Structure formats: C-alpha cells, structure tokens
Amino acid sequence: MALKFAKMHGAGNDYVYVNGFETPIADPAALAIELSNRNFAIGSDGLILILPSDKADVRMRMFNSDGSESEMCGNGIRCVAKYAYDHGLVNKTEITAETGAGILTLQLFPNATGKVSKVRVNMGLPRLKRGEIPMTGPADEQ
C-alpha cells in the first residue's frame, strides 16, 4: 500500500503525520507499530493523524510506537498546526485543535515565505494529581 505521509519533529519528538482529510486509516494502532520501527521502517515515536473535526478547526489522534493511543503531545500538536496551515487545511493564524485532552488553541507564526516557522500552544493548567492523570491505583486524597 502506498501511503502519503510527512515526518516532522518538534523539540526532539518525531512522528509520522498522515492527512486524514485525504487518506482514511482503517487501523491506526497497527500502522503506528509498523511505521515506528526504527530498524525496518520509517522510524518514529508514533503516528499522528490530522483529521476533520466538528468541534474545532482540526482533530489530532496520536498513537505511540507500541500502538497505544495517547491524549496529546505538545510537540506533536505544534507540528499538526504547521502541517494544517502549510497544506491549506486552515487559513488563519489562530486555530483550535480537538485532542483527547480537549480542545486546544494554537497561535501560528508564518514567515516571509508564508510557511509557519513557530507555533505557540496553550496547554492549559497542568494536571498534577494522581486522580487526574490516566494511571492505575487510587486517586490522591483531597
């Protein structure tokens, strides 16, 4: 199967990005495992799908190299914003992105050539209590 993709990195996290506006992926978890192998494939920290959203300008689904789905990645979402703008999926410099962690707002800074050179994301307040972070075990006492 031929697959059109981009490989991008943000501050060291490298992912394979697929434009889900154009290419549907039937089993993204399996594809993430296959593509992420650094010895026999593209090699990456995982797979990120850039998808349409009925709640935001774009939607991000992120799969780790082991196939597990994560809520979000700050470095990954900045690359989603750059891809979406540079490829004409959005045409404004402040966008929203639907993620497993909720809807985030991103500011895009295009350079003189019209391509995004910097992205700022509002990640919201950090979740620091055990009960707020997906993990096993009892939640913190209040």
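Let's start at the hairpin of S1 and S2. Two residues sit between the strands, and Ala-11 takes a positive phi near 50°. Keep in mind that this is a predicted model.

Now the strands themselves. S1 covers residues 6-10, and S2 covers residues 13-19. They pair in the antiparallel sense, over five bridges. One pairing to look at: Met-8 has Tyr-15 in S2 as its bridge partner.

Which S1 side chains are buried? Ala-6, Met-8 and Gly-10 are, and they point to one face. Lys-7 and His-9 point to the other face and are not buried. In a regular strand, side chains alternate between the two faces of the sheet.

On to the inside. The largest nonpolar core has 26 residues. Those with the most contacts inside it are Tyr-17, Ile-48, Met-60, Ile-77, Val-80, Leu-106 and Leu-108. At least two core residues come from each of S1, S2, S3, S4, H2, S6, S7 and S8. Helix H2 gives the largest share, six residues.

Take Leu-108. Beyond its neighbours within four places in sequence, Leu-108 is in contact with Ala-81, Tyr-85, Lys-92, Thr-93, Ile-95, Val-116, Lys-118 and Val-119. Apart from the largest core lies another, of 11 residues. Val-16, Val-18, Ile-25 and Leu-31 are among them.

Last, the largest pocket. Its volume is about 200 Å³. What kinds of residue line the pocket? Seven are nonpolar, two polar and two charged. The lining includes Glu-71, Met-72, Cys-73 and Gly-74, then Ala-101 and Leu-104. Met-123, Gly-124, Leu-125, Pro-126 and Arg-127 also line the pocket.

Definitions and conventions
Residues are numbered from 1 along each chain as its sequence is written. This is a predicted model: local features need pLDDT of at least 70, side-chain atom pairs count only at pLDDT 80 or more; totals for chains, interfaces and linings use all residues. Side-chain values use heavy atoms; hydrogens and water are left out. On a 1 Å grid over the protein atoms alone, a cavity is a set of points where a 1.4 Å probe fits but cannot get out, and a pocket is an open set with protein on both sides within 12 Å along at least five of seven lines; lining residues have an atom within 4 Å of a point. Grid points are joined across faces, edges and corners, and a volume is the space filled by probe spheres set on the points. Ala, Val, Leu, Ile, Met, Phe, Trp, Tyr, Cys and Pro count as nonpolar, Asp, Glu, Lys and Arg as charged, and the others, Gly among them, as polar. Buried means under 20% relative accessible area, exposed over 50%, partly exposed in between (1.4 Å probe, protein chains only). Helices (H or I, at least four residues) and strands (E, at least two) are DSSP runs, numbered from the N terminus. Two strands pair if DSSP finds at least two bridges between them. A nonpolar core is a set of buried Ala, Val, Leu, Ile, Met, Phe, Trp, Tyr and Cys residues joined through side-chain atoms within 4.5 Å. Contact means heavy atoms within 4.5 Å.
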